[in-house]
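Look at the structure below and keep it in view while reading. The text moves from the surface to a helix, and then to pairs of charged side chains.

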Amino acid sequence: MSDAAEFRSWLTDADELRSISDSVCANLARLRPLFRNVEDGASEAARILQGLSATKEIFSSLDGPSYKPNFCSKLIAFNEEELHSAGELAGQVRLPARALQWINPFHWLRTRRVRQLLASSQLPQDNDAISSLYYAVELELAMRQPRRELEHYFTTLFGRAPNLDLSPGKLADFAERLGSFLNGLGGHNLLIDRCPTRLELDRALSAGNTEELGSFFERADLALKRHDMREESRAALDRLRTYFDELWLGSRRSAIENGRSNASAIEQIVQALPMLSSYQEYRLRSSRLGDQERVIFATLRPREAELSKLPSEDLDGCIRATIGREARLAWKAGMEGANPDVLFDGDEVKAKVNSLAEADEQIRQYNRDLLVQGIDASKVRPTIEWDAITKLRGPRALRLREFIDRAAPLGLFALRPVWLMTPDVASRVLQPRAGLFDTVIFDEASQMPVEYALPSLFRSRLVVVSGDEKQMPPTSFFASKVENDEAAIFDGEEPEEGASEEEREAFAETWNRREIKDCPDLLQLARSALRTRTLQVHYRSKYRELISFSNASFYGNGLSVPVRHPEETIRRFKPIEVVRSDGTYKSQTNQKEASDVVAYLSELWEDASPPSVGIVTFNRKQADAIEDALEDRAEEDAAFREALMRERERTEHGEDMGFFVKNVENVQGDERDIIVFSTTFGPNEHGVFRKNFGALGHAGGERRLNVAVTRAREKVVIATSMPTSEISDLLTRRSGPRVPRDYLQGYLEYARTVSDGLTDSGKTLLDRMVTQQRSHEEAGHHEDDGFTRSVEAFLEANGYKASRARDGGAFSLDFAVTDPRTGLYAIGVECDAPRHRLLERARAREIWRPKVLGRAVPHVHRVSSYAWTHAGDAERLRLKNAVEHALRGEGLQ
């Protein structure tokens, strides 16, 4: 489920729906379409309710002495003409005859006709009856139309005609009861419409009985329980992140997401527990060892297998003899210590890397074991003390805040030390206690106003703030001002030496408030007060062209990107594709772009398993226009409609990956395989292009652009009508970008170069977009030397097409050889160890980097300068064999 909290809240509100009777359920199933068929802004049910209210008012106004049951019941059967004729005759003779009327034969003729009419209807025939007939006709004429409407409403609701031979007062009551019945169903219907899984609930209701509805609620309760258990499992898994590698964590996470058991994996850990005691004993003893002793034991480590075969009584003597020998050889190591690296050949380096990888895995394993057994049972109270607060239902059930307040002294935070929640939820459910958590971590801090973060900051001893100032700020800023009376307290100068303690505290408090007020978001406040560390690796994009523009324009090419592909592959696949719509910008929309976007989606969704996709527009109205175009196409094309519904509900590994249409303002945090842009703006109907780009043209527009263009994992498609050359003057001047529209023009031009396969033009443009230059050392660049040129010449002499693959990042390669069968890089070649600030430690250089780089370049071979010089033939043969094995699709030897 996409939002468990929302679903849980709905289930709480839906208690009344759980207890409805079979008849109510059947009525809901039968009459639900009345609430969903909306025409002219109102549903059919709403129109019926409005009509019932009006009908009730009419009948209430007609209720009075004019109603004579025996007369009115007879008149119901009269048609309109008969009714008018009877009323006219009765009206002419209902009053006593005057002098001349006594001798008027027509008067007596009419009187006789009225009496005949009364007689034929088996009604009295006296003068009072004639008057009653007259008023009954008038009443029937007034009641006939609203009675028909009431009959229509009843028939619509129940499929049969009612008996409406009733007085106006009773008809008014009847209309009121009918309205109450429909209003009751309306309340249930609103609750159904709010259901996060409305389609499944509709299917349950369509059966028309409470058995299916009860089954739905049972499934919903079970789904929440499964979700809660998954969340607990994920939280437990997250606590192991420091100790397990990502591959193991990913497998466990996949098992959790797909409902599989992790028992076998946990059993492996349990089986390793016997080693823990010995390892901990060694750790205690090793604390008394000096550096030299550690070197000696590290030297003995590779001999573990042989040493373990010795009898225990001989082991001590053997170790002492071995240490003595090593001590005598120490002088040799000292002589070679000035340049130790050049002494390593490829096999030695490989052995050390393997040893490091094994040690790294072992320490992770040991730490995992320690973490599993690391709960301090002395901090958790006995189970019996928890019974009073763990009731989930009934009058003794506690709200979450009450549960946390009462469970904290019992050891709740020892059992569950990691909590994931938003700042407002933290404020509502956690105790307002300073230092409640050892560490509080904020993510997406650039979107968090400072005042939202203060309660959580108060609850932490140490805070970690994560965010990107190059992406969007909070949607509403911290707008309060320092009061005027504080101006008298703080004028920018320190308090005088004679100032009282109260004056100094007031000064400090006012200063702190001003410092916080001036920060629009938590990230900016943190940057001004905390040490900063920049993330330097980008993993999301399948093609580096998707991140290259942002990397150059906003991050000074400081991001290292592991993926790389030959230029021919990029030209063939087009990770950024421009579709020239050249539509007309009218009424803040571009219908041609909307049509092109729908056409692209139609073609994309012909595949049975298409990539996930999202649409991003440059204003809200264009998003609405595309939604309308999608609905129009869906009405015409059943296959497209089915694909649209399927993609909107799409999930991957429990995460919402559904199709969306959003404007550039609210797309942060989303990512999809393919992002389709509708740039919206273009020439108007007069051919005039106005340089008004909405939010992208104002201050901060470049940050919005940065968010939007980095949402795609595999491909960006741009449907545009903008004349790129007219957006700004960036392309015609030598200086870099200065205003938001410069970045917009730069990106559209870069997209064109990638789409058209103009690799060199794209690189030149990216060089111009860089506004913050990194130092030569920080960038990881190094010049070619004789060794590098010699390796390149050897590769070319053996017929291998070696491409330069340096970009100054942590994943740079000196050369990359393309596999002609796939068009992808088969092997990367590096001359000696890579040099980059991220790779100063061996673990990062020898374990992490190859693992990450292997996702894009399956094989990486390192050529040793020492071996190239001192054992050249063997080292060249190693390189040749490595390239040949890679090109044949075999593993390196």
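**Patches, a helix and charge pairs**

Asp628, Asp632, Glu635 and Glu636 form a negative patch on the surface. This is a predicted model. One member of the patch, glutamate 636, belongs to helix H30, which covers residues 620-636. With a relative accessible area of 67%, glutamate 636 is exposed, because the cut-off for that word is over 50%. In general, an α-helix has 3.6 residues a turn, so residues three or four places apart point the same way.

There is also a nonpolar patch on the surface, made of Ile441, Leu462 and Val464, and together these have about 280 Å² of accessible area. Leucine 462 is found in strand E4, residues 460-465. Its relative accessible area is 46%, so leucine 462 counts as partly exposed.

Now turn to helix H34. Is H34 mostly covered or uncovered? It is mostly covered, since 14 of its 16 residues are buried. The length of H34 (residues 740-755) can be checked as well: at 1.5 Å a residue, its 16 residues should span 22 Å, and the C-alpha atoms at its ends are 23 Å apart, which agrees. Glycine 757, just after H34, takes a positive phi of about 75 degrees.

The last topic is charge pairing. Side chains of opposite charge can pair when their charged atoms come close. How many salt bridges does the structure hold? There are 52.

One of them joins glutamate 176 to lysine 56, with 3.8 Å between the closest N and O atoms. Glutamate 176 sits in helix H9 (residues 168-193) and lysine 56 in helix H4 (residues 44-62), so this pair ties together parts that are 120 residues apart in sequence. Both ends are partly exposed: glutamate 176 has a relative accessible area of 40%, and lysine 56 has 25%.

Another salt bridge is formed by arginine 144 and glutamate 80, whose closest N and O atoms are 3.7 Å apart. This pair also links distant parts of the chain, as arginine 144 is in helix H8 (residues 127-158) and glutamate 80 is in helix H6 (residues 80-93), 64 residues apart. Here arginine 144 is buried, at 8% relative accessible area, while glutamate 80 is partly exposed, at 31%.

In a further salt bridge, arginine 241 meets aspartate 238 at 2.9 Å, N to O. Arginine 241 is partly exposed at 46%, and aspartate 238 is partly exposed at 36%.

Salt bridges can also be joined up: Arg540, Arg646, Glu647, Arg650, Glu652, Glu671, Asp673 and Arg713 are linked in a network of them.

Conventions
Residues are numbered from 1 along each chain as its sequence is written. This is a predicted model: local features need pLDDT of at least 70, side-chain atom pairs count only at pLDDT 80 or more; totals for chains, interfaces and linings use all residues. Side-chain values use heavy atoms; hydrogens and water are left out. Patches are made of residues with over 30% relative accessible area and no salt bridge: like charges are joined within 9 Å, nonpolar side chains (Val, Leu, Ile, Met, Phe, Trp, Tyr) within 5 Å. Accessible areas come from the Shrake-Rupley method with a 1.4 Å probe; for residues, only the protein chains shown count as cover. A salt bridge is a side-chain nitrogen of Lys or Arg within 4 Å of a carboxyl oxygen of Asp or Glu. Lys and Arg count as positive and Asp and Glu as negative; His and the chain ends are not counted. The place of a charge is taken as NZ of Lys, CZ of Arg, CG of Asp or CD of Glu. Helices (H or I, at least four residues) and strands (E, at least two) are DSSP runs, numbered from the N terminus. Buried means under 20% relative accessible area, exposed over 50%, partly exposed in between (1.4 Å probe, protein chains only). The expected span of a helix is 1.5 Å times one less than its number of residues.
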